[in-house]
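Thank you all for making the time this morning. I would like to walk you through one structure, and I will ask you to keep the sequence and the model open while I talk.

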Amino acid sequence: MKDLKDIKFWLFDLDNTLYDGATKVFDQVDKKMSKFISEKLNVNIEEARKIQKNYFQEYNTTLNGMIKHHKIDPDEFLEFVHDVDLSFLSKDKDLEEEIKKLDGKKIIFTNGSRAHAINVTKRIGIDKLFDGIFDIRDCEFIPKPSKEPYKKLVESYKIEPQYCIFFEDIARNLKPAYELGMKTVWIKNDEPWAAKYSDSDFINYKTDSLAKFLKEINELR
Ligand SMILES: [Mg+2]
């Protein structure tokens, strides 16, 4: 881990990275997407689910597929799907403490919306600790793992990739970061689509706990 001593740019995915995937927040978002599609396209929930999963497979986010094929209003979609119950997400003191100690720029990089990132980080008690949120609008609705948003993010925040580390639960999203020269950390989980490619060379580290991993880095300094 010695190679992580000089990191000064810290990139974090949001969902299932800054909080435990077992909390199933994303399950709610997932269901709301089905509901949105069902209502918009006038199809039943089963059909909506199929469309949703196909778009996710093909375009990396359901939203991207809906924009391409149905010209929906992205703001309406984002507002609808992120209107979920977060009351069971609790403060994470350990994570708060370790993020506070990190030196350098800390940025959230998410395929979701800024509002959702703010809601989630407030619940966890870490909303004041970041220098920025790079959300799907900042990505111009081109989601991870397309290369464009990574390049845009690097430019916007003047990131030096060799001093940057990226934390993510969806393994394939780490690839473009690695190719840009960043260090990559996969947050271990059992979701088949998120774990796919988790044995690849573009993953430098794996961890069960983001807070513990950051603690180890903080102890190097
Ligand atoms: Mg995630």
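Let me begin with a question: how many Å separate the centres of domain 1 and domain 2, taken over C-alpha atoms? The two centres are 25 Å apart, and the domain bounds, which come from an automatic or database domain assignment, give domain 1 as 2–19 + 89–220 and domain 2 as 25–81. Twelve residues of domain 1 are in contact with nine residues of domain 2, where contact is defined as two C-beta atoms, placed from the backbone, lying within 7 Å.

Before going further, I should say that this is a predicted model, in which local features need pLDDT of at least 70, side-chain atom pairs count only at pLDDT 80 or more, and totals for chains, interfaces and linings use all residues. Residues are numbered from 1 along each chain as its sequence is written.

Now the chain as a whole. Its secondary structure comes to ten helices and six strands, taken as DSSP runs numbered from the N terminus, with at least four residues of H or I for a helix and at least two of E for a strand. The radius of gyration, taken over C-alpha atoms, is 17 Å, close to the 17 Å that the globule rule gives for 221 residues, so the chain is as compact as a globular protein of that length; the rule itself is 2.2 Å times the number of residues to the power 0.38. Along the principal axes, the C-alpha atoms fill a box of roughly 55 × 35 × 30 Å. Buried residues make up 36% of the 221 residues, and by buried I mean that 20 or more other C-beta atoms lie within 10 Å of the residue's own, whereas 12 or fewer makes a residue exposed and anything in between partly exposed, with C-beta atoms placed from the backbone. Among contacts between residues at least 6 apart in sequence, 65% join residues at least 24 apart.

Let us turn to the strands, beginning with E4, residues 164–168, where five of the five residues are buried. Cys 164, Phe 166 and Glu 168 lie on one side and Ile 165 and Phe 167 on the other, so to speak a strand with both faces covered. In general, the side chains of a regular strand alternate between the two faces of the sheet.Strand E1, residues 9–12, runs parallel to E4 and is joined to it by four bridges, and two strands count as paired if DSSP finds at least two bridges between them. Within that pairing, Phe 12 has Phe 167 as its bridge partner in E4.

E4 also pairs with strand E5, residues 183–187, in the parallel sense over four bridges, among them the one that matches Phe 167 with Val 185 and the one that matches Phe 166 with Thr 184. Because five of the five residues of E5 are buried, that strand is largely enclosed by the rest of the structure. From E5, three bridges lead on to strand E6, residues 205–207, again in parallel, and Ile 187 has Thr 207 as its bridge partner there.

A residue to find on your screens is Lys 158, in the loop between helix H7 (147–156) and E4. Is Lys 158 buried or exposed? With 8 C-beta neighbours inside 10 Å, Lys 158 counts as exposed. From C-alpha to C-alpha, Lys 158 is 9.6 Å from Phe 9, although 149 residues separate the two in sequence.

I will finish with two helices. In H6, residues 114–124, the buried residues are His 116, Ala 117, Val 120 and Thr 121. Seen down the helix axis, these fall within an arc of 120°, so they line one face of H6, the arc being that of the directions from the axis to the C-beta atoms. Their cover includes strand E2 (105–109) and strand E3 (132–134), and just after H6, Gly 125 takes a positive phi of about 85°.

In H2, residues 45–59, Ala 48, Ile 51, Gln 52 and Tyr 55 are buried, and they fall within an arc of 100° seen down the axis, so they too line one face of their helix. They pack against helix H1 (25–41) and helix H3 (62–70), while the face turned away from this buried side carries the exposed residues Glu 46 and Gln 57. Just after H2, Asn 60 takes a positive phi of about 75°.
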